[in-house]
Amino acid sequence: MSFTTLVPAGGLLPAGPAGDAPALLRAVAGAAPAVLARGPQDGVPFADTALRLVLLTALAVVAGTGLVRVLAGAPGRAERVVAGVAALVAVSAAVAAVTRSGAGPNAWTLFLLAVTVAVPALLPGPRPVLAVLPALAVTALLVLQLAGTPGVAPWFALDAGYAVAGSLAAGAAVHLVTTRTDDDTRPARVRVLGIAAGTVGAVLAAVRLAAAGPFTLTDVHGTGFGRAALVTVVAPAAVAALLLAESVLGRRAGNRVRADEVRDRVRTPAVLAAITAVGAATLLAALPAPAPAAVPGQALLRAVDLGTGPLTLAVAPMRPGLNLVQLTGAGVTVTGPDATMPAGHGDPGAPAGYAVRTADRDVPFTARSGAPGGWALVDLPEGTTSITVTAGGLARAVPVDVGTDRGAPAGATGADGPECLSAAVGRILAGGDPALGPCPSESLDPADVRGLRGTVRALASRGAPGLAIAGDVSPRSRAAADVVRAAAGAAGLPVRPAAGPDDALVVVSGWQHAATTVRDTARAAQTTPTALGGTYLAPWLLTGGVLDQSPGTLLPLDFGPQEQVPQRYVRTLAAVAPGSAPSLSGLRAWAATSGETYADPAPSLYGAAPVSVPMTADPGDHHGAPNRAAWFPGGAVVRIGSALDTGDPAGPTP
């Protein structure tokens, strides 16, 4: 997918210079992808990530000590001990992985254990060079983990080369630090190997970093992935630099004692740097990769970590001037300008609430009727390179690029901005153009025309005394109101300025105005009969923020929200942007981009009502909290009756 997003927690894709697939894990732990396959920000315990780190780093040391035998010859006692300890650590980590997974050992597990143990077992023998053979097998397993599947994972050659270079650098450094001999011929060869391996590893990692990101300095130093990627460049370069310094300084030393002092001071840091290089590469596959660089005019969607769990940040239209910023996630609870942090986060004296900081100004995230999460309207002048999201005492910088063109779609930052952003997110989910494009509120979709006509005809056929229209000033709402009036006139149904006791109320405004209208109508009906003929929503108001304002609302839809294609969109949205609410505009954009079809020939009326069913409960919540990713959190949207008569020549009749 080519989207401007960090694929966030729960849906994060492992990424490179060290891999994108837990191949070695599957080899070791059978069908247990949860163990070691993901990192702490994916909800996997820290112990699993640490176990994976230990396993692969130890394998690199084992592989390296075997591979260098071609140049190094027979190892000394200290080197054999290091190789044996590394093999013991690797075997222990592999067994622990199998135990944690609950899967029994398979052929791959036994193969891993055999070749890992074979390397130190062959080192004391008469032909230690034979250890190269099992070392090659261990290296191949390491490559599978750090670089993914050949021909499938992108950048496979770079990642595989880094795995091999890391193993050779580790083996060379271990040999040099454990070898003391007056004959410098073989150590000199190994030193050259270490310098070459470190240089190649640094170059490969630098190319990977430049080509695949992070693409901004903010993400390089401000994210765990960026810092780990930077270490994959610096650590092997340090190995090469230290070993080169040993060679140069050793020659300049006046005597053997001085040369030995230089060697002792240089070789131990070289070993640590080599192990760190492999460890950082291992961590990259477990850390969430930052989003690609922000592009002017394209909606930005990425994950942020403020200590409350995975949060999703969206910014649009990414142009100079006013931009709408949304923050969603399980930890985001906003009720208005004075929203507070969840308990347990932030310093007692820190400012409460979530906010976005631009320059020297903090703009709080507040609630918007009809839309989930927190919202902030911020002014981003030309040249703005980052914004900072804060919560209590925590802050995270997010790179942005608004460019110089001030042109933005109408409605992108107004009352209909959340729906406009939802449509952009739908395209992003399908790998489409992240540019905001025309907002849905700027035009009336033909499918919505049919739905509104069918609704008015159904009201007339059921003997409704009249109807009232609740709209706003958007072009779509005005066009929809005209459609309703025309259909009501054709059916002989009076249109009133306000809904009477037995009239129906047809809501054709945007989310924000609709949520307020539905809520106020329901409250008024508790004391005075109001719109007892029912509250009918325009199709685009199919979103949780509107439906949960009052029980019993109805709306015409040409698809079932629980059908396969709409649910696939809902699941994708929940995985990529936790806390975001599905919407009809988002579904339409996602389906149009991905080529999915889901619409029936004619619309039908659907009713939204609170009900406790498994599909509306959050699977990760054990207290029965509504699933915010559902079409109607805490309720269901079900079909009522047959297809509507839309007035088309081939349309159905009730």
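Start at the hairpin: select β2 and β3, which have 4 residues between them. In that turn, pick Met318, whose phi is positive at about 60°. Keep in mind throughout that this is a predicted model.

**The hairpin strands**

Select residues 310–316 for β2 and look at its pairing with β3. The two strands run antiparallel, joined over 6 bridges. For one rung of this ladder, show Val315 and its bridge partner in β3, Val325.

Now colour β3, residues 321–329, by accessibility. The strand is mostly covered, with 8 of its 9 residues buried.

**Across to β7**

Add β7 to the selection. β3 and β7 are antiparallel too, and 7 bridges join them. Show Gly321 here, and opposite this residue you will find Leu380 of β7. Side chains in a regular strand alternate between the two faces of the sheet.

**The largest cavity**

Next, turn on cavities. There are 5 of 30 Å³ or more. Go to the largest one, with about 130 Å³ of space. To centre the view, select Gln326, Pro418, Ser422, Ser580 and Ala581; of the 13 lining residues, these lie nearest the cavity centre. Which elements give two or more residues to this lining? They are β7 (371–380), α12 (417–429) and α17 (564–576). The largest share, 4 residues, comes from α12. Colour the lining by residue class: 9 are nonpolar, 4 are polar and none is charged.

**The disulfide**

Stay with α12 and select Cys420 together with Cys439. Their sulfur atoms are 2.0 Å apart and form a disulfide. The structure holds 1 such link. Check the torsion about the S-S bond: at -75°, the link is left-handed. What does the pair tie together? Cys420 sits in helix α12, while Cys439 sits in the loop between α12 and α13 (446–461), so the bond connects parts 19 residues apart in sequence. Are these cysteines buried or exposed? With a relative accessibility of 1%, Cys420 counts as buried. Cys439 is buried as well, at 3%.

**The annotated transmembrane regions**

Finish with the spans that an unreviewed UniProt entry labels "transmembrane region". Select 50–72, 81–99, 105–123, 130–148, 160–178, 190–212, 224–245 and 266–287.

Zoom in on two of them. Residues 160–178 are 100% helix and 0% strand, with end C-alpha atoms 27 Å apart. Then move to residues 190–212. This span is also 100% helix and 0% strand, and its end C-alpha atoms lie 32 Å apart.

Key: Residues numbered from 1 in each chain as written. Predicted model: local features only at pLDDT ≥ 70, side-chain atom pairs only at ≥ 80, totals over all residues. Heavy atoms only, no water. 1 Å grid on protein atoms, 1.4 Å probe; cavity = no way out; pocket = protein on both sides within 12 Å on 5 of 7 lines; lining within 4 Å. Points joined across faces, edges and corners; volume = space filled by probe spheres on them. Nonpolar A, V, L, I, M, F, W, Y, C, P; charged D, E, K, R; others polar. UniProt positions renumbered as here; feature names shortened; annotations may be inferred. Disulfide = S-S within 2.5 Å. Buried < 20%, exposed > 50% of the residue type's maximum accessible area, 1.4 Å probe, protein only. Pairing = 2+ DSSP bridges.
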